[in-house]
Amino acid sequence: MEIRKVGVIGAGQMGNGIAHVFAAAGYEVVLTDISEEQLQAAVNTIQSNLDRQVSREKISQETRDAAMSNITTTLNIADLGETDLVIEAATEREDIKVQIFASLLPHLKPETILTSNTSSISITRLASGTDRPEKFMGFHFMNPVPIMQLVELIRGIATDEETYQACLGVVEKLGKTAASAEDFPAFIVNRILMPMINEAVYTLYEGVGSVASIDSSLKLGANHPMGPLELADFIGLDTCLAIMNVLHDGLADTKYRPCPLLTKYVEAGWLGRKTQRGFYDYRGETPVPTR
């Protein structure tokens, strides 16, 4: 099956990045969300990021113009009916993802491949609620999508080889690198990354170090480009908590217990950069640690 037209569900940080790279690679992209405001913000972000790539001579003006012309937006999920591949990039909540797929299925062609950008939720379980588990798989992009090279491809227990090879071909056309992961909680990247972030929060919670000292220690002592708490703010503390809960519930091991301080920040609505407060306060000119 040749994939030409791609549907992206969710116009947030991940969704607009996914739409960006597909449109730049020559695919027709239909981007949908429940909010017209979010769709317009996504288009503005994509345009700004493409313009930045042109200014840095990463792409040509012609490529930028073609990419923008490849993107259409809609509030109606039925408009994804003629797509060859759908990538769900909604919030990291299984109940929401299940509802999205249920509303989408009646409109799809029988051969359309369904995928989820989930960073932790069982692909087998998501696929079992659809009419095409053999054509369903995990398609996990890293954030920020236009910059990060890796894509995790996760097969559910029923995913067939044709579907995997089609998605692998898409990754190659995007100019990215695929890593195949088994369908275990949080897959590869977040299975390793999130416990590190959670341990950094425990280090803060127990008073071993301040936000600034923890982040500077990992940047200078382990050569990480971002400190773990800074990275958590970038990802979103609600997403970090959701993934830790999936690990804790799915693997039944106390070493994955989310730090109470991470839970407290999420309950306060301090989710990181997207709410202007997390482990840092971003409301001024320079981020200031909140602890």
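Modeller: Before we start, strands here are DSSP runs of E with at least two residues, helices are runs of H or I with at least four, and both are numbered from the N terminus. By that numbering, Pro 144 falls in the loop between β6 and β7. And keep in mind that this is a predicted model.

Colleague: Fine. What makes the peptide bond that joins Asn 143 and Pro 144 cis?

Modeller: Its omega: the angle is about 0°, and the bond between Asn 143 and Pro 144 is a cis one. Both residues turn up again at the pockets. Asn 143 is among the residues closest to the centre of the largest pocket, while Pro 144 is among those closest to the centre of the second largest.

Colleague: Pockets, then. How many residues line the largest pocket, and which are the closest to its centre?

Modeller: That pocket holds about 1400 Å³ of space. It has 50 lining residues, with Gln 13, Met 14, Asn 143, Ile 235 and Thr 239 the closest to the centre. Several elements contribute at least two lining residues each: the helices α1 (13-24), α4 (94-104), α7 (189-205), α9 (228-235) and α10 (237-251), plus the strand β6 (136-141).

Colleague: How many residues of that lining are nonpolar, polar and charged?

Modeller: The split is 26 nonpolar, 17 polar and seven charged.

Colleague: And what about the second largest pocket: which residues are the closest to its centre?

Modeller: Here the space is about 430 Å³. Sixteen residues line that pocket, and Asn 49, Arg 52, Pro 144, Pro 146 and Ile 147 are the closest to its centre. At least two lining residues come from α1, and at least two from α2 (36-55). By class there are eight polar, five nonpolar and three charged residues in the lining.

Colleague: Why are α8 and α9 called roughly perpendicular?

Modeller: Their axes cross at roughly 100°. The label covers angles from 65 to 115 degrees, so α8 and α9 count as roughly perpendicular to each other. The axis of α8 (residues 211-221) comes within 7 Å of that of α9.

Colleague: Which residues of α8 and α9 make the contact?

Modeller: From α8 you have Val 211, Ile 214, Asp 215, Leu 218 and Lys 219, and from α9 Pro 228, Leu 229 and Glu 230. That contact has five nonpolar and three charged residues, with no polar ones.

Colleague: How do you know that α9 and α10 are roughly perpendicular?

Modeller: Again by the angle. The two helices pack at about 100°, their axes 6 Å apart. With 65 to 115 degrees as the range for the label, α9 and α10 are therefore roughly perpendicular. Ala 232, Asp 233 and Ile 235 of α9 touch Leu 237, Thr 239 and Cys 240 of α10 across this contact. Four of these residues are nonpolar, one is polar and one charged.

Colleague: On to the sheet. What makes β3 and β8 edge strands?

Modeller: The sheet is open, has eight strands with mixed pairing, and runs in the order β3-β2-β1-β4-β5-β6-β7-β8. β3 (71-74) and β8 (177-181) each pair on one side only, which makes them the edges. From one strand to the next the twist averages 25°.

Colleague: How do you know that β7 and β8 pair?

Modeller: Pairing takes at least two bridges, and β7 (residues 150-155) and β8 have five, in the parallel sense. In one of these, Leu 150 has Thr 177 of β8 as its bridge partner.

Colleague: Last one: what is the phi of Ala 252?

Modeller: It is positive, about 55°, although Ala 252 is not a glycine. You'll find Ala 252 in the loop between α10 and α11 (260-267).

Terms used: Residues are numbered from 1 along each chain as its sequence is written. This is a predicted model: local features need pLDDT of at least 70, side-chain atom pairs count only at pLDDT 80 or more; totals for chains, interfaces and linings use all residues. Side-chain values use heavy atoms; hydrogens and water are left out. On a 1 Å grid over the protein atoms alone, a cavity is a set of points where a 1.4 Å probe fits but cannot get out, and a pocket is an open set with protein on both sides within 12 Å along at least five of seven lines; lining residues have an atom within 4 Å of a point. Grid points are joined across faces, edges and corners, and a volume is the space filled by probe spheres set on the points. Ala, Val, Leu, Ile, Met, Phe, Trp, Tyr, Cys and Pro count as nonpolar, Asp, Glu, Lys and Arg as charged, and the others, Gly among them, as polar. Axes are lines fitted to C-alpha atoms, for helices over the stretch in contact, and angles run from 0 to 180 degrees between N-to-C directions. Angles under 35 degrees count as roughly parallel, over 145 as roughly antiparallel, 65 to 115 as roughly perpendicular and the rest as oblique. Contact means heavy atoms within 4.5 Å.
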